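Work through the following exercises with the model open beside you, trying each task before reading its solution.

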Amino acid sequence: MARDRRPAKAPKAAKVRKAVLTRTVEEFEAAFWPDEQPVDNAVVMTMGALHQGHAALVREARRQVGKDGRVAVTVFVNPLQFGAGEDLDRYPRTLDADLALAEEMGADVVFAPTVDEMYPNGEPLVRLSAGPMGEGFEGASRPGHFDGVLTVVAKLLHITDPDFAVFGEKDAQQLAIIRRMVADLDFDVEIVGVPTVREEDGLALSSRNRFLSEDERTRALVLSRALFAGRDAGAQGAKAVREAAAAVLDGADGISLDYLALIDPLSFTEAPDDFRGEAVLALAARVGSTRLIDNVSIIVR
């Protein structure tokens, strides 16, 4: 069993004033638990290139633990979740800007390990499996992706040992699988989801948006329009939701659709036409050379 580095809770809380950049587990532990004062802790796991969507996660983490709690932001581009031909080398690295934004939003410590620090023995031979929940949608398009996600999330949960771990609802399948991992494997942490942050024109914030040309960004707006159209059709049933979203996407110029699906959020499988209740309308598409994902929650009646 992993050692619990946190002391037992007590009424008085410690105060951590300034964000500290740490690159090793040892440095992180010294910075995140600088004394014996017991406080609530939260972690926000990112791959860097932070934007206002990430800022919302850090703000929520701070809200969860209060002004005297501790908030960690991890910045690690995890090679295990990138497949052949994906954009691992292209993925933006902006650590100085990430540190500044994390501190501004209320983080106390930024943990930005190297690959060798996270995987000192090379790529792990033993990994977590996402199982059936990871086989469809993003998992079908990116085989092995969620196994890599769960493996690094599990490692980071052990390292940071938080009371709360905050994730964005934009990565809906990832959030569902992490919640199931925590429940199935008895991780002692509360998973908190934060709604997707969007530009005023509806485009979901993403680190990959920076790869879009001006024209491609304009074309990408059809993705959120399709989701909103589907959401507006929720009162007419599941079939109407799919048809409304598909009608917006039909013939959209410069968009290569990967999938559009109405999903049961508990099992993350396709919802049948007679489905009733809360669902996730999700899509993935390539705009130019950039692959984007988005989703909205829907009440289907």
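**Exercise 1. Two packed helices**

At what angle do helix α8 and helix α9 pack, and how far apart are their axes?

*Solution.* Before starting, note that this is a predicted model, in which local features need pLDDT of at least 70 and side-chain atom pairs count only at pLDDT 80 or more, while totals for chains, interfaces and linings use all residues. Residues are numbered from 1 along each chain as its sequence is written, and side-chain values use heavy atoms, with hydrogens and water left out.

Step 1. Find the two elements: helix α8 covers residues 214-232 and helix α9 covers residues 238-249, where helices (H or I, at least four residues) and strands (E, at least two) are DSSP runs numbered from the N terminus.

Step 2. Read off the geometry: α8 and α9 pack at an angle of about 155°, and their axes are 7 Å apart. The axes are lines fitted to C-alpha atoms, for helices over the stretch in contact, and the angles run from 0 to 180 degrees between N-to-C directions.

Step 3. Classify the angle: α8 and α9 are therefore roughly antiparallel to each other, since angles under 35 degrees count as roughly parallel, over 145 as roughly antiparallel, 65 to 115 as roughly perpendicular and the rest as oblique.

Step 4. Add the handedness: the crossing of α8 and α9 is right-handed, a crossing being left-handed if the near helix is turned anticlockwise from the far one by less than a right angle, and right-handed if clockwise.

Step 5. List the partners: α8 makes the contact (heavy atoms within 4.5 Å) through Val222, Leu223, Arg225, Ala226, Ala229 and Gly230, and α9 through Val241, Ala244, Ala245, Val248 and Leu249.

**Exercise 2. A second helix pair**

Describe how α6 and α7 pack, using the approach of the previous exercise.

*Solution.* Step 1. The angle between α6 and α7 is about 55°, and their axes are 11 Å apart. Step 2. α6 and α7 are therefore oblique to each other, and α6 passes α7 in a right-handed crossing. Step 3. On the α6 side the contact involves Phe146, Val149, Leu150, Val153, Ala154 and Leu157, while α7 contributes Gln173, Gln174, Ile177, Ile178, Met181 and Val182.

**Exercise 3. The largest nonpolar core**

Which residues of the largest nonpolar core touch the most other members, and which element gives the most to this core?

*Solution.* Step 1. Fix the terms: a nonpolar core is a set of buried Ala, Val, Leu, Ile, Met, Phe, Trp, Tyr and Cys residues joined through side-chain atoms within 4.5 Å, and buried means under 20% relative accessible area, exposed over 50%, and partly exposed in between (1.4 Å probe, protein chains only).

Step 2. The largest nonpolar core has 45 residues, of which Val153 and Leu157 touch the most other members. The elements giving two or more residues to this core include α1 (25-32), β2 (41-46), α6 (145-160) and α7 (172-184), and α6 gives the most, with nine residues. This core draws at least three residues from each of domain 1 (20-194) and domain 2 (209-300), with domain bounds coming from an automatic or database domain assignment.

Step 3. Look at one member: leaving aside neighbours within four places in sequence, Leu157 is in contact with Met45, Pro162, Ala165, Met181, Val182, Phe187 and Val189.

**Exercise 4. Two buried alanines**

Where do Ala220 and Ala285 lie, and which residues do Ala220 and Ala285 touch?

*Solution.* Step 1. Ala220 is found in helix α8 and is buried, with a relative accessible area of 0%. Not counting residues up to four places away in sequence, Ala220 touches Leu203, Leu212, Ile255, Val287 and Leu292.

Step 2. Ala285 lies in strand β9 and is buried, with a relative accessible area of 1%. With residues up to four places away in sequence again left out, the residues that Ala285 touches include Leu223, Ile255, Leu257 and Leu292. Ala285 and Tyr259 are 26 residues apart in sequence, and their C-alpha atoms are 7.1 Å apart in space.

**Exercise 5. Positive phi**

What is the approximate phi of Phe137, and what is that of Asp161?

*Solution.* Step 1. Recall that most residues other than glycine have a negative phi. Step 2. Phe137, in the loop between α4 (115-118) and α5 (138-141), has a positive phi of about 55° although it is not a glycine. Step 3. Asp161, in the loop between α6 and β5, has a positive phi near 50°. Step 4. Phe137 counts as buried at 15% relative accessibility, and Asp161 is buried with a relative accessible area of 14%.
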